[in-house]
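The following exercises concern a predicted model. Each task is followed by a solution that proceeds step by step.

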Amino acid sequence: MKRILAFSLLAATIVASCASTSTGTPQASGSSPTGQHLKIGLVTDIGGLNDKSFNSLADQGRQQAQAQLLVVTSVTESKQQADYVPNLTKYAQDKNDLVIGVGFLMQNAIWKVATQFPNVKFAIIDGAPTDDAGAVKNLPNVANLFFKEQEAGYIVGVIAATMAKNKVGAAIHNTVCSMGGLPIPPVDRYIAGYQDAVKTVSPTTKILNGYSQDFVDQQKGIEIGKSHIAQGCDILFQVAGGSGLGYIQAAKAAGVYAIGVDADQAAVAPGTVITSALKKVDVAVFQTIRSVRLGTFKAGDNSFNATNDGIGFGTVDAIVPADAKAAATQALADIASGKITPKDTVQVK
Amino acid sequence: MTWEMLVGASVLAATLRLATPIALAALGGTMSERSGVVNIALEGSMLVGCFFGVVVADRSHNIWLALAAALLAGLLLAALHAYASITLRADQIVSGMALNILALGLTTYLDYEMYGTTGTPSDLVAVPDLHLTFLNGIPYVGTAIGDQNWIVWVGLLLVAALQVFLFRTVLGLRWRAVGEHPRAAETVGVNVRRMRYAAVLASGALAALGGAYLSLGVAHSFTDGMTGGRGFIGLAAMIFGRWTPVGALGASLIFGYGNALSTSLQGATVGGVRLPVQLLGTLPYILTILAVAGFVGRSRAPAADGLPYETEGHA
């Protein structure tokens, strides 16, 4: 009896831990009777499909492709970094036409698997294949999907600076802030663009920046937020994933404003989140799948930016005045036309 | 760098906020190990406390029900550990680790099933802060403790109460006897199994209160794995605090202070050189090593800690 109970406890553990790693089942789109279905596999990063950001956006791109293009897609979640190579290999062996890896942490895993399967196409979001020595080695079968985060940061920076300058609503201290998870390039590019916009639009506005040293821990984000708010910040831009949700919560508790990142985070705290800097991972995934379908797949660096709808800004809250919103729309157009080139290095550290 | 950045009132306030979840986990660990059961499933109890507190807050809009659900969830996870380690006499580390994985898998899975990619609702009922308005005029103190969450104060009360309980009451003496020499305790009529069950269940509920603090008191939401290892840091604080509630609180405050400094010192310069944020991130750990090496000396675990107990004559 005891043994049976002990066993069922163990079994329950295994079932529960596997449940969260279960793969989505491939579903045929079946909408078009002609042509051959392409097989597409998506491997997420350790954040999981419900990270409300990167992985969930990539998955949206996959689902959109499944609905609109003649493709059969499936997705596998990585629970730890050691899963990257087996997950990518599984899809390559399954004769997928395109295997997509989410996140720059997969750079080495993509290199390992793509060199073994030269006939399979790969794409990696936010990274490029990197060999064991840490050197970038572009491969003829790998597309590197990069984003101009500084452009998205610039656009939301225009909104923040306009509101700070005109002292709109709770933004009375003419001070705007940002918080990154870690000082790594994709994070710092957002912050660089944000600061560049503030310096351009409203040179007198004070700028602060900090790092939570974490992409998961909400309490760390809240502490940085409280510290920034105590120093007069009333517009807080988060670039720290789950930890950044804490930064938004700090703004909400203090009755000041926040700006979301990557995905549209308006629903996280309505009335607090004035807009979001969008990195359209869904667009990048969809476009890349479509490029395989059309035979226009391009190995090496692919840039997603203002010119190809790769970046943008999210829902704008009602508190944002029309002139700030118009300025952001204008900035997006000016970046797309090349009139403005946002900086990509952080000025206020 | 200024004194304000090192010992300012806001740094002390942050220290208390950051120490509270660690201290509650450490308190749970202390209660369990004092009875002779190692419970490394504290992290898991904390996480299910975070999650089920939020779920019931969302469904019932009643903070008391939400808190009760959080404690019950932590307690139930601990009950599995108690059954495995006391009744089945399984390896306590293996059982604890399995339950941590269970808690992470279960909460991640249910979070996705229930809240999908949109996240938990933004209008959750929450545990409020306690605004001590009479402290407002007092410099330093008002900022440091005037706006702490209710659970911070409950945690401090629990530390005092459990310190008295363990070391000043008969039941506390029996509790500790079971952890030091269960056979001797049993010969004088103490029910070792019942005592250990009570201890493990209490530890799960205490850790879950720490979890409820994070999700219902601080973040007002749930995100996957949001405890971020605080249950394990709590175990370190327990050892560092020499298996006493007051010691555990002291150790947690040091961890909390290190974390608070890594926020307050951002942007600080020493002799014109900026302190790198990566270095500041290591502060909590450096402080811990210094404290353990310099001040604590050797700490001794309860003699029967982690050893399954077999009743005499029971083969």
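**Exercise 1.** Determine how many bridges join strand β4 of chain A to strand β5 of chain A, and in which direction the two strands run.

*Solution.* Strand β4(A) covers residues 121–125, and strand β5(A) covers residues 142–147. Four bridges join these strands, which run parallel. As an example from this pairing, I125(A) has L145(A) as its bridge partner in β5(A).

**Exercise 2.** Place these strands in their sheet, and explain why β2 and β11 of chain A each have one side without a neighbour.

*Solution.* The sheet is open and consists of six strands of chain A, in the order β2-β1-β3-β4-β5-β11. The pairing is parallel. From one strand to the next, the twist averages 20°. β2(A) (71–76) and β11(A) (300–304) stand at the edges with a single partner strand each, so one side of each lacks a neighbour in the sheet.

**Exercise 3.** Describe the side of chain A that touches chain B.

*Solution.* The contact takes 37 residues from chain A and 38 residues from chain B. On the side of chain A, at least two residues come from each of α1 (2–19), β7 (206–211), α7 (218–230) and α8 (241–254). The largest share, nine residues, is supplied by α1(A). By class, this side has 18 nonpolar, 14 polar and five charged residues.

**Exercise 4.** Identify which residues of helix α8 of chain B are buried, and name elements that cover them.

*Solution.* Helix α8(B) spans residues 170–180, and its buried residues are W175(B), A177(B), V178(B) and G179(B). Their cover includes α2 (9–34), α7 (150–168), α9 (182–187) and α10 (192–219) of chain B.

Methods
Residues are numbered from 1 along each chain as its sequence is written. Chains are lettered from A and ligands numbered from 1 in the order in which they are written. This is a predicted model: local features need pLDDT of at least 70, side-chain atom pairs count only at pLDDT 80 or more; totals for chains, interfaces and linings use all residues. A residue is buried if 20 or more other C-beta atoms lie within 10 Å of its own, exposed if 12 or fewer, and partly exposed in between; C-beta atoms are placed from the backbone. Two residues are in contact if their C-beta atoms, placed from the backbone, lie within 7 Å. Ala, Val, Leu, Ile, Met, Phe, Trp, Tyr, Cys and Pro count as nonpolar, Asp, Glu, Lys and Arg as charged, and the others, Gly among them, as polar. Two strands pair if DSSP finds at least two bridges between them. Axes are lines fitted to C-alpha atoms, for helices over the stretch in contact, and angles run from 0 to 180 degrees between N-to-C directions.
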